[in-house]
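This note is addressed to a colleague meeting the structure for the first time. Please read the points below alongside the display.

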Amino acid sequence: MTTKQTITPFQVELTAPDISAYRASNVGIDYVTRYDSGKPGPHVIVQALTHGNELSGAITLDYLFNQNFQPTCGVVSFIFANVAAYQMWDPANPDGNRYVEEDFNRVWSDEVLKGPRDSVELRRARELVAYIDTADYLLDLHSMSAPSAPLMVCGVRPKGGQKSINLSAKIGLPEWLMVDTGHANGLRMIERGAFGDPNKHNTAILLEAGQHWEKACEQIARETTLQFLKVTGVATAEWGDSRCSLPALEQKVVQVTEGYAAKSLDFQWLDIYNGLEVIEKAGTALAEDAGHTLRSPYDNAVLIMPTRSQRFTVGSTMVRFGRVESIA
Ligand SMILES: [Zn+2]
């Protein structure tokens, strides 16, 4: 597969923490740390580094370790997921280590996990899956290629999407909650098993904290995680709130209706789009792609996560379109 590679247009403002001290595990899986309060309560997982170059999740877990976080009830686990990709981090080529061989967040169907295929990412996913499946609540920390406002990916309706919206509404961050149609090229962790079953309580959410390397990502990821630990009941309100300063915002739900996959490596945006722009008129030309013009599909279409990364392949999702709805 050919991948387009050019110079990234974004500054790296974040510093990748040294996570080597977190390799030693108390559950026998490298880079998984479990805190058991000894009291009844949910199993709450915070995962960082599903994508190797998304630093704010690793910075958040490093912060929680340094704060000596201990759950007041239940069990909390911190996971650094694709450490092999993270170890390839090079601030001079920050787009270069999203994954080693394949996207770690597209391998989570049982069919793929139990299938014959092999890759660095599949080996790690096979190591983690049984543990992930014990989560009552999961927060997966990510960031985006474009400097979009942060958003919570709430999975698919009618599967787990509504549970994830409800949990995000309790967290109160971020402003934008997105329900989508999944990824055609593979199941994400937040959709697998009980997370994707509307009749089970298990709930997973995925935070896109902002542009991968911008300073603001750090605070969004940290405070969303603190509020997540609070609303799942494993941290006290006092402990969580005393470490937060972001104002509560009125949240909006955007329902993704469709995505657009690159037809060629010549895909070019016609303007600078960062995400969450509302395109007033249907048919507005947005990008050129091998003689094809990408146009907005309906009036007031919201652009979601337009890819600003120069590392994409034919078939990569370049943007999604959505409609805003009220949270009720
Ligand atoms: Zn990601």
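The numbered points below cover the basis of the model, one helix, the cysteines and the salt bridges.

1. This is a predicted model, in which local features need pLDDT of at least 70 and side-chain atom pairs count only at pLDDT 80 or more, while totals for chains, interfaces and linings use all residues. Residues are numbered from 1 along each chain as its sequence is written, and side-chain values use heavy atoms, with hydrogens and water left out.

2. Helix 6 spans residues 216-231 and reaches 23 Å from its first C-alpha to its last, close to the 22 Å expected at 1.5 Å a residue. Helices here are DSSP runs of H or I with at least four residues, strands are E runs of at least two, and both are numbered from the N terminus. The expected span is 1.5 Å times one less than the number of residues. Gly233, with a positive phi near 90°, follows helix 6.

3. Why does Cys73 form no disulfide (two cysteine sulfur atoms within 2.5 Å)? The closest cysteine sulfur, in Cys244, is 18 Å away, too far for a bond. A search of the whole structure finds zero disulfides.

4. The same kind of search finds 16 salt bridges, each a side-chain nitrogen of Lys or Arg within 4 Å of a carboxyl oxygen of Asp or Glu. One of them joins Arg192 and Asp110 at 3.1 Å, N to O; these residues are 82 apart in the chain. Arg192 is buried at 5% relative accessible area, whereas Asp110 is partly exposed at 37%. Buried means under 20%, exposed over 50% and partly exposed in between, with a 1.4 Å probe and protein chains only.

5. Lys230 in helix 6 pairs with Asp241 in helix 7, with closest N and O atoms 2.9 Å apart.

Terms used
A disulfide is a pair of cysteine sulfur atoms within 2.5 Å.
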